[in-house]
Amino acid sequence: MQPSGRLHLGNLVGALQNWVRLQDADRGAAYDCFYFIADWHALTSNYANPGVIGGFGTSVEGFSRDLLVNFLAAGLDPQKCTIFMQSQVLEHAELHLLLSMITPLGWLERVPTFKEKQDEIKDRDLNTYGFLGYPVLQSADILIYRAEHVPVGEDQRAHLEITREIARRFNHLYGQKNVLVEPEALLTEFPKVPGVDGRKMSKSYDNAVYLSDAPETLQKKILTMMTDPARKRRTDAGDPNLCPAYQLHRIFTSSRQELAWAAEGCRTAGIGCIECKKALIKNLLTVLEPIWTRRQEFLKSPSALSDILREGNRKASVAARETMEAVRAAMGAADGSGRVGVLDELDRLK
Ligand code: SF4
């Protein structure tokens with residue numbers, strides 16, 4: 001996940017809650033999960049202002065720290081999964097470089113999110129080499145751990161497909177079938193989380209409810225959130241299916257009776273929108289309050305955060321180095337026993 005902004009309800013429902021399920025063996029699925037703060041990826045759109053990302057160093061600051069704290073507050077457990085910072089495992093950059101040599105430009109230009117993001121983000125120039133090559137770096141991120149599965153939504157399938165194509169091309173070119181593993185999509189149906197203006201919740205649209213919003217801010221955002229436009233007056237009946245606030249109800253209201261109460265009250269004008277939204281706020285708070293409490297605990301102990309990240313970086317590096325040794329050997333770039341550096345060469349010449 002990119003540390004390019006604060007996390008919002010869409011990130012919680014669309015990714016984090018699923019990641020927690022995947023790490024938890026006791027909920028039926030046990031995976032050896034790697035989750036990371038993609039600080040280099042965040043540079044593709046924040047290259048002019050890298051300070052906000054707060055990565056690239058030994059301490060974790062800015063959006064990177066916010067991301068780490070939210071990972072942990074949402075329930076990711078460093079005892080059960082590996083949590084690390086992309087820029088602290090340099091092998092990602094090396095594999096990215098090598099894969100970029102074999103990736104045809106046409107593959108990158110047809111990735112749908114390339115055009116979509118350029119259209120979405122208007123305040124920055126995304127006509128860069130790094131932005132076009134984003135899927136190659138993403139492929140390196142996946143292939144370096146020989147990941148068998150990647151949890152993705154339907155809209156991210158194209159990215160995974162290009163990763164599979166790059167892995168196939170690498171294995172084909174360098175004659176060794178299984179150096180890079182083709183990952184499978186672990187498709188998950190995520191509910192679409194609407195923002196307060198009814199469009200998809202996104203920080204680019206300035207319509208998000210953030211996990212770090214204060215309770216008063218959350219209340220204000222929900223109370224002023226868009227509803228079914230047919231309900232102009234309290235006595236006008238509405239259709240909950242046309243109401244973004246009701247979509248949030250569907251996601252965050254666990255009681256069926258309460259959901260039925262909101263839908264029925266809307267259709268018959270038996271309840272007003274304020275009443276309906278107050279029930280939604282109550283349910284949102286039930287989900288978010290434990291997350292907020294854990295956030296505060298982690299924010300109070302920066303040394304614990306550094307320790308968690310250091311250990312995660314170490315575990316990720318071990319796995320990444322192993323893959324890179326096989327990759328270098330397959331390409332004949334080294335003897336397979338490790339990095340051949342300039343200093344080793346100099347030693348040899350002495
Ligand atoms: S009553 Fe609830 S579901 Fe109906 S329009 Fe108002 S907020 Fe939306």
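**View 1. Who keeps the ligand company, by class.** In this predicted model, the shell around the ligand comes out as five nonpolar residues, one polar and two charged. Going by name, the ligand's surroundings are T227, D228, R231, C243, Y246, C266, C273 and C276. Cys counts as nonpolar here, and so does Tyr.

**View 2. The cavity where the ligand sits.** Only the protein atoms matter for this one: the structure holds one cavity of 30 Å³ or more. The largest cavity has about 110 Å³ of space in it, and that is the space the ligand takes up. Its lining is made up of T227, D228, R231, P240, C243, A245, Y246, A262, C266, C273, C276 and K277.

**View 3. Inside the largest nonpolar core.** Zoom in here and you're looking at a core of 54 residues. L9, F71, L76, L218 and I222 are the ones with the most contacts inside this core. Head over to another core, apart from the largest, and you'll find 32 residues, including A38, L108, F114 and L180.

**View 4. Close-up on I222.** Leaving out residues up to four places away in sequence, I222 touches V209, L248, K277, L280, I281 and L284. K277 may look familiar, as this residue also turns up in the lining of the largest cavity.

Definitions and conventions:
Residues numbered from 1 in each chain as written. Predicted model: local features only at pLDDT ≥ 70, side-chain atom pairs only at ≥ 80, totals over all residues. Heavy atoms only, no water. Near = heavy atom within 4 Å. 1 Å grid on protein atoms, 1.4 Å probe; cavity = no way out; pocket = protein on both sides within 12 Å on 5 of 7 lines; lining within 4 Å. Sits in = over half its atoms within 2 Å of the grid points. Core = buried A, V, L, I, M, F, W, Y, C linked by side-chain atoms within 4.5 Å. Buried < 20%, exposed > 50% of the residue type's maximum accessible area, 1.4 Å probe, protein only. Contact = heavy atoms within 4.5 Å. Points joined across faces, edges and corners; volume = space filled by probe spheres on them.
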